[in-house]
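These exercises go through one protein chain step by step. Try each task before reading its solution.

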Amino acid sequence: MEALMRSVYKKLRQDMNIVYDKEMSRNEFFILKTLYEQGSKKSSDLSKMLNVSASHITAVTDSLIEKEWIQRVRSEQDRRIVNLHLTEEGKNTLQLFEKK
């Protein structure tokens, strides 16, 4: 069963790489999709969901911020908390890539 799941996941990754080419990485897509479906999240929450390191999430979110697909917003209740929000451009990009 585990071998079957690995092969399915590998095929999915290969197909996504073909569809998205060099425009968007898998993790960028999953972050956009998560923020679209579940609303704003802390980067630590995203790193746990994707099972990747905090430094990796920082690198990926920096790329998404540079593309203006997400933005960092400090919590008004606790300035130590920084949430990631999907921008309108990010929503439009996600919808475009989901159609591919």
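**Exercise 1. Find the nonpolar patch on the surface and place one of its members.**

Step 1. The model is predicted. On its surface, M1, L4, M5 and V8 form a nonpolar patch.

Step 2. Together these residues have about 470 Å² of accessible area.

Step 3. Of the patch members, take M5. M5 lies in helix 1, which covers residues 2-20.

**Exercise 2. Describe the overall layout of the protein chain.**

Step 1. Count the elements: the protein chain has five helices and three strands.

Step 2. Put them in order. Along the sequence the pattern is α-α-β-α-α-β-β-α.

Step 3. Turn to burial. The protein chain has 100 residues, and 27% of them count as buried.

Step 4. Turn to the surface. The accessible surface comes to about 7,000 Å², and 50% of this belongs to carbon and sulfur atoms.

Step 5. Consider contacts between residues at least 6 apart in sequence. Of these contacts, 46% join residues at least 24 apart.

**Exercise 3. Which side chain of opposite charge is nearest to K41, and how far away is it?**

Step 1. Locate the residue: K41 is in strand 1, residues 41-42.

Step 2. Look for its partner. The nearest side chain of opposite charge is that of D45, 5.5 Å away.

Step 3. Apply the cut-off. A salt bridge needs a side-chain nitrogen of Lys or Arg within 4 Å of a carboxyl oxygen of Asp or Glu. K41 has no salt bridge, yet K41 is buried.

Step 4. Look for another polar partner. The side chains of K41 and Q38 are joined by a polar contact of 3.4 Å.

Step 5. List the contacts, leaving out residues up to four places away in sequence. K41 touches L35, L46, M49, V82, N83 and L84.

**Exercise 4. Examine the salt bridges, taking three of them in turn.**

Step 1. Start with the principle. Side chains of opposite charge can pair when their charged atoms come close. In this model the count comes to five salt bridges.

Step 2. Take K67 and E28. Their closest N and O atoms are 3.1 Å apart in a salt bridge. The pair links distant parts of the chain, 39 residues apart: K67 is in the loop between helix 4 and strand 2, while E28 is in helix 2, residues 26-38.

Step 3. Compare the surroundings of these two residues. K67 is partly exposed at 27% relative accessibility, whereas E28 is buried at 5%.

Step 4. Take K91 and E88, which form a salt bridge with closest N and O atoms 3.3 Å apart. Because K91 and E88 are three residues apart in helix 5 (residues 88-99), about one helical turn separates them. K91 is partly exposed, with a relative accessible area of 29%, and E88 is exposed, with 53%.

Step 5. Take D78 and R80, whose side chains meet in a salt bridge at 2.8 Å, N to O. R80 is exposed, with a relative accessible area of 72%.

**Exercise 5. Work out how T61 and R72 are connected, and what else surrounds them.**

Step 1. Place both residues. T61 is in helix 4, and R72 is in strand 2.

Step 2. Check accessibility. T61 is buried at 1% relative accessibility, while R72 is partly exposed at 41%.

Step 3. Find the link: a polar contact of 3.3 Å joins the side chains of R72 and T61. The side chain of R72 also makes a polar contact of 2.6 Å with the side chain of D62.

Step 4. List the contacts, setting aside neighbours within four places in sequence. T61 is in contact with I31, I70, R72 and L84. R72 touches T58, T61, D62, I65, V82, N83 and L84.

Step 5. Relate R72 to the residue of Exercise 3. The C-alpha atoms of R72 and K41 are separated by 9.8 Å, and the two residues are 31 residues apart along the chain.

**Exercise 6. Where do N51 and E68 lie, and what is phi of each?**

Step 1. N51 has phi near 55°, a positive value in a residue other than glycine. N51 lies in the loop between helix 3 (43-50) and helix 4 (54-66).

Step 2. N51 is exposed, with a relative accessible area of 69%.

Step 3. E68 has phi near 65°, again a positive value in a residue other than glycine. E68 lies in the loop between helix 4 and strand 2 (70-74).

Conventions:
Residues are numbered from 1 along each chain as its sequence is written. This is a predicted model: local features need pLDDT of at least 70, side-chain atom pairs count only at pLDDT 80 or more; totals for chains, interfaces and linings use all residues. Side-chain values use heavy atoms; hydrogens and water are left out. Patches are made of residues with over 30% relative accessible area and no salt bridge: like charges are joined within 9 Å, nonpolar side chains (Val, Leu, Ile, Met, Phe, Trp, Tyr) within 5 Å. Accessible areas come from the Shrake-Rupley method with a 1.4 Å probe; for residues, only the protein chains shown count as cover. Helices (H or I, at least four residues) and strands (E, at least two) are DSSP runs, numbered from the N terminus. Buried means under 20% relative accessible area, exposed over 50%, partly exposed in between (1.4 Å probe, protein chains only). Lys and Arg count as positive and Asp and Glu as negative; His and the chain ends are not counted. A polar contact is a pair of N or O atoms within 3.5 Å; within protein, one must be able to donate a hydrogen and the other to accept it, and residues adjacent in sequence count only if both atoms are side-chain atoms. Contact means heavy atoms within 4.5 Å.
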